[in-house]
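Please open the model in your viewer and keep the selection panel at hand, since each stop below begins with something to select.

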Amino acid sequence: MRRIAIVIAAVAALTAPWLMPATALAATVSILNVSYDPTRELYKDINAAFAHDWKLKTGDDVVINQSHGGSGKQARSVIDGLQADVVTLALGQDIDEISTRAKLLPAEWQARLPQNSTPYYSTIVFLVRKGNPRNIRDWDDLARPGIKVITPNPKTGGGARWNFLAAWGYGQKKYGSPAAAQDYVKRVFANVPILDSGARGATVNFAERGLGDVLITWENEALLTAQELGADRFEIVRPSVSIRTEPAVAIVDKVVEKRGTRAVADAYLRFLYTPEGQEIVARKGYRPRDPAIAAKYADRFPNMQLFEIDRNFGGWAKAQAIFFSDGGVFDQIYEGGG
Amino acid sequence: MKPATATAEPRWLRWVLTAAALGFLAINLALPLAAVFIEGFRKGIAAYAAAIAEPDAISALKLTLIVAAIAVPLNIIIGLSASWAIAKFDFRFKPFLVTLIDLPFSVSPVVAGLIYVLLFGMQGWLGPWLQANDIQILFAVPGLVLATIFVTFPFVARELIPLMQEQGRDEEEAALSLGASGLSTFWHVTLPNIRWGLLYGVLLCNARAMGEFGAVSVVSGHIRGKTNTLPLHIEILYNEYNFAAAFAVASLLAGLALVTLLLKSLLEWRYAGQLAGRGH
């Protein structure tokens, strides 16, 4: 018995130094940014630049903690008590959910920052293999027999809903009626071999595991994938028309009031709109709002004809009810898992 | 006449069975394990060391060890008392208690995580009260510990119950009738009898506590450098296209598990004589 006790004591002695909390060092202010998946790289740079800027202006150190995950799941975590000072999610609807379900911020949150609280935007494009071997040029090519399309499940991934609506918008514009649009989108989804639950999973399936001929994805994600995994392996194809994807940002009032972090949280979100913030936004593949920065990066972000969620689909609440609710359009076209 | 063997199967069948078992183990265990280490070192030793020494990885490692260091001892105490109660006493709801102990094995880890969200989440039963008193359980270390305890709870008890039942209570009764106190009976009679089973349970419990993903993922909140355990950190690295780093950290986690198993083998080897005597 004693020998075992000695062994346990030795193990405890060896591991004890590792178990000391690492956070007891600095009395700096910290905020938590709860974001969605493809913004990891963006906020890594934004956080460093903002911390530098904040230090210059106030002399205080600020640490921005990051949490990333599927947009809907992240909203759910904030509703369940994840102490986010700010949320930066894939769509305004997820922030609406936080407002209506947990009353953590007012319903009119979107009016508090410029551009409807969306400091950057993007659009939906196609990523194909180098040389575009299946000759994919526009949305119609995705419905061709034999083409394998990779896109995540719009029921579980916020980002994927934009993909679906972009395809639908094209179908409606090209074929006229909602019934024809539904038929078109159904043909596209018949070409989807697996529906991943999240955007990053779908990208990894396409890029790393080599599945499919074309990935429907956000422009920023396509730019990043090409950059990270080799520009010699992929090509971006911009369709004739797409949708304007607008990730939204907001302060979570109840949390910043409790933690006394409103000033720094507000400065943090406003930093996104500054030329410096917009420059980082553009470098990381999102389309900047600032006209000067946009002009500078015009090569990277060619002009495209874009639908808008409010103008063309009557806003998220309506689109959600029609397309993605149980028994909605998506369930009708994807019965039995395709 | 051939020497007596335990079975009467022809030699070729024994070979086929052995080959099948070994082949299965090689393909399903050895190969993936080797792949983790090979992928981890793909970009060289410097990249491997950098991935492990990265602050987020270090904090994930610390958090994983902290969670295990709290969850495992608690499970030893709870597991010991539960199996003690079940094996040595008779009471009315014994089958019910045994079923309850098995519950974490049959419930999906995701559900285990959601149970705590329902209990401690801001929209849950205790959430508003916790919020009012500024106590953070979910999306913080306490939540991670609770979820880990739930998932690893059966390991110690499940090892001990059959062992203690098999041993019966004769020795304890003898000790008590000779005037030993309850505590010293436990310390000098029961514990030596069950120590190998206990150790085995503890090691399994520890391995699972460090490796748990599902339940922990639900209650973590995924705050980098704060509430990400090693398994969650590995997923993040993988999703960031940091494949080499993901496998480097994965090999670290696998290494922890291997150390656990090595420790077990070492103890078994060291105390082989006693083990043989005990038959366990």
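Buried means under 20% relative accessible area, exposed means over 50%, and partly exposed is in between (1.4 Å probe, protein chains only). This is a predicted model, in which local features need pLDDT of at least 70, side-chain atom pairs count only at pLDDT 80 or more, and totals for chains, interfaces and linings use all residues. Residues are numbered from 1 along each chain as its sequence is written, chains are lettered from A, and side-chain values use heavy atoms, with hydrogens and water left out.

Select A:K155 to begin: this residue is partly exposed, with a relative accessible area of 25%. Add A:D331, whose side chain meets that of A:K155 in a salt bridge at 3.0 Å, N to O; the term stands for a side-chain nitrogen of Lys or Arg within 4 Å of a carboxyl oxygen of Asp or Glu.

Move next to A:R287 and A:E219, which form a salt bridge with their closest N and O atoms 2.6 Å apart. Both A:R287 and A:E219 are buried.

Then select A:R112, A:D253, A:E257 and A:R262 together, as salt bridges link these residues in a network.

Now show both chains and turn to their contact (heavy atoms within 4.5 Å), which takes 38 residues from chain A and 30 residues from chain B. Across this interface, the rule finds 1 salt bridge, and selecting A:K258 and B:D134 displays a salt bridge between their side chains at 3.6 Å, N to O.
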